[in-house]
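Please look at the sequence and the structure shown below before reading on. The report that follows goes through a few parts of it, one at a time.

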2 protein chains.
Amino acid sequence: MARLFTTELTKRQQQVLDWVHAFTHKQGFPPTVREIGAAFHITPRAVFDFLKALERKGCLKRGNLGARSLEFPAAQKHEAGCERCSPVRVVGRIAAGKPVMAAEDDLGAVPVNSEWLHGQDCYALRVKGDSMVDAAILDGDWAIIRKQDTADDGDIVVALIDDEATLKYLHREPRRIRLQPANPRMKPLYIKPEDLQIQGKLIGVHRSYDSRGGRAR
Amino acid sequence: MARLFTTELTKRQQQVLDWVHAFTHKQGFPPTVREIGAAFHITPRAVFDFLKALERKGCLKRGNLGARSLEFPAAQKHEAGCERCSPVRVVGRIAAGKPVMAAEDDLGAVPVNSEWLHGQDCYALRVKGDSMVDAAILDGDWAIIRKQDTADDGDIVVALIDDEATLKYLHREPRRIRLQPANPRMKPLYIKPEDLQIQGKLIGVHRSYDSRGGRAR
DNA sequence: AATACTACTAAACATCCGTTTAGTATCAAG
DNA sequence: CTTGATACTAAACGGATGTTTAGTAGTATT
C-alpha cells in the first residue's frame, strides 16, 4: 500500500471546498459541477474527482437528486442567533427502545429560550409514542430536558430502564419507585430504588404543527 | 380592472411555499419544479405558475442559474444543520376576553425556531384556560401563530368573536362554521361564515415547566 | 519498480431541467 | 360580458446536468 487513508485535505481540495461553501452560503444552494469548474478553470470531470475525494474524506455528501444535490454534514457556522435563545442539542428519541446519551447522532439542535435553561446543562429528545398524552406531551414533540440524576416526587423525568430511556412521572412509594405514564391505557412501572437511573428532568416542551401540502414523504 | 394587486397568498400557494421551505431546510437546497410537482401531483407547468405567482408576491426569487436556483428573501439562508431562532412578539392572551392585535403590550418576545416560521409574519399568545386540553395545549403555554385570514378544515385557529380572541378547531359545516374547543366539558361555538374572522393559524406550542415541578408562572 | 493517490483534458451520453406553446375551467370584480 | 387572476393538463424544446470512458502526468510511499 502506497498511502494510508487520510481525512486531511490537500491545498487544492481545501480551495475547492472553501469555494463551494462560500457559494452555497451566498446563494442559498450548492453549485453545479460546471459552476465549480468555471471558477477554477477546470473541466467538469476534474470537479467530479474533487467532489468524490471530498465525499470520501467526509467533507460533503453527494445526494442522488441530480443537480446541485450536495449536502454538508454538521454545522460549521453558528451565526447571529438571537440573544434570548440557546441551541440545545437533540440527542435521540425516547420511549421506544432507543438509548439516550449515545454517541452524538447529529440530530441537530433546537433553539430554546435561555430563560428556561438557567445556565444549566440541557438536551432535547424527540418524543415517540403517546405514553404522556394526558400530560399534554404528544408524539413528535421536543422534550427539553435538564441533566440531573435526582428529581422530586411528581416530576416528569427521563429514566433509564434496561438501556431504554422513557419519559415518565416519578413517584416514590415506601419500598419502590413508581414510574407513571400519563395514559390510562398504560400501566405504571415499578422498580427498586437502587435500580433507578434518572437522566434528567423535563423543563419544557416544543411542538410544531407543520402545514404541509401534497404528500409527506 | 378585475382584481387589485395583492401580496396575500392563496391557500394553495401557501401550501406550496410551505413545502418548498420545508424541503429546502431539510435538504440544504431548493427543490426542482418536478420535485414540487411530484409532491402535489401536478405538472411542472402548474408548478411554474406557482413559482411565478410566489415570486410576484415577494415570497421567493427565481434565479437565472438553472436547476434549483430559488432564493428566499428575509434573513433565512438554508444551510443544512444550522438551526436558528427568531424572536416572535407576544401580543396578548387568548380565550379570556382580551383582544388580540391590540397595541403593543410590551409582553416581550419568545424565541422560536426559524424553521417553523418560513419567514412569515408570526406572533405568540399566552394561552389562558383549558379549552384546548385535549389538543395538548395547556393554560400558560405559548401558542405560536402565523398571521393569515384563511385556514383549512381541522386547523387550530385564532378566531375573533365579539372582539374576543379564542383558540379553536375550525370546522366548516353546510351553512355555518363550527369552532370546536378540545375539551369535552365545553360546547362548540357556531357562527355564520360571514362573521368568521380568522386572526391566524397555530403553527407551534412552547411550554415551560417550573423548577419546582409545578407549571411555570 | 510497483502501487496508490492527486490533478487534470477531451469527448460523449442519457437524463433531467426550466421554460414555452396551446389549451381548459373556475372565480370574482367592474 | 369582459378582464384578470388562479389552477391546472399535455406535449415538446433546447440546453444544462451528473456521470462515464479513456487517457496523461506528477508525486509520494513501499
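## The surface near DNA strand D

The helix α3(B) gives the most to the surface near DNA strand D, with five residues; helices here are DSSP runs of H or I with at least four residues, strands are runs of E with at least two, and both are numbered from the N terminus. This is a predicted model, in which local features need pLDDT of at least 70 and side-chain atom pairs count only at pLDDT 80 or more, while totals for chains, interfaces and linings use all residues. Residues are numbered from 1 along each chain as its sequence is written, chains are lettered from A and ligands numbered from 1 in the order in which they are written, and side-chain values use heavy atoms, with hydrogens and water left out.

DNA strand D is surrounded by 26 residues, and the closest are Val33(A), Arg62(A), Arg12(B), Thr43(B) and Arg56(B); a residue counts as near a strand if one of its heavy atoms lies within 4 Å of it. Of the atoms of DNA strand D that come within 4 Å of the protein, 63% belong to sugar and phosphate. At least two residues each of this surface are supplied by α2 (33-40) and α3 (44-56) of chain A and by α1 (11-27) and α3 (44-56) of chain B.

## Contacts with the phosphates of strand D

Which atom of DNA strand D lies 2.7 Å from a polar side-chain atom of Arg62(A)? The partner of Arg62(A) is a phosphate oxygen, and the pair fits the meaning of a polar contact, namely two N or O atoms within 3.5 Å (within protein, one must be able to donate a hydrogen and the other to accept it, and residues adjacent in sequence count only if both atoms are side-chain atoms). For Thr43(B), a polar backbone atom is 2.7 Å from a phosphate oxygen of DNA strand D, while for Arg56(B) a side-chain N or O atom is 2.8 Å from a phosphate oxygen of that strand.

## The surface near DNA strand C

Around DNA strand C there are 25 residues, of which Arg12(A), Thr43(A), Asp49(A), Val33(B) and Arg62(B) come nearest. Sugar or phosphate accounts for 65% of the strand C atoms within 4 Å of the protein, and bases make up the rest. The largest share of this surface, five residues, comes from α3(A).

A backbone N or O atom of Thr43(A) lies 2.7 Å from a phosphate oxygen of DNA strand C, and a polar backbone atom of Arg68(B) is 3.3 Å from a phosphate oxygen of the strand. Arg45(B), by contrast, has a polar side-chain atom 3.0 Å from a base oxygen of DNA strand C.

## Two helices of chain A

The helices α1(A) and α3(A) pack at an angle of about 95°, with their axes 10 Å apart. That makes α1(A) roughly perpendicular to α3(A), a term for angles of 65 to 115 degrees, whereas angles under 35 count as roughly parallel, over 145 as roughly antiparallel and the rest as oblique.

## A buried arginine

Arg207(A) lies in strand β11 (residues 198-208) of chain A. Is Arg207(A) buried or exposed? Arg207(A) is buried, because its relative accessible area is 4%, and buried means under 20%, exposed over 50% and partly exposed in between (1.4 Å probe, protein chains only). The side chain of Arg207(A) makes a polar contact of 2.9 Å with the side chain of Asp141(A) and another of 3.1 Å with that of Tyr209(A).

Key:
Axes fitted to C-alpha atoms, helices over the stretch in contact; angles between N-to-C directions.
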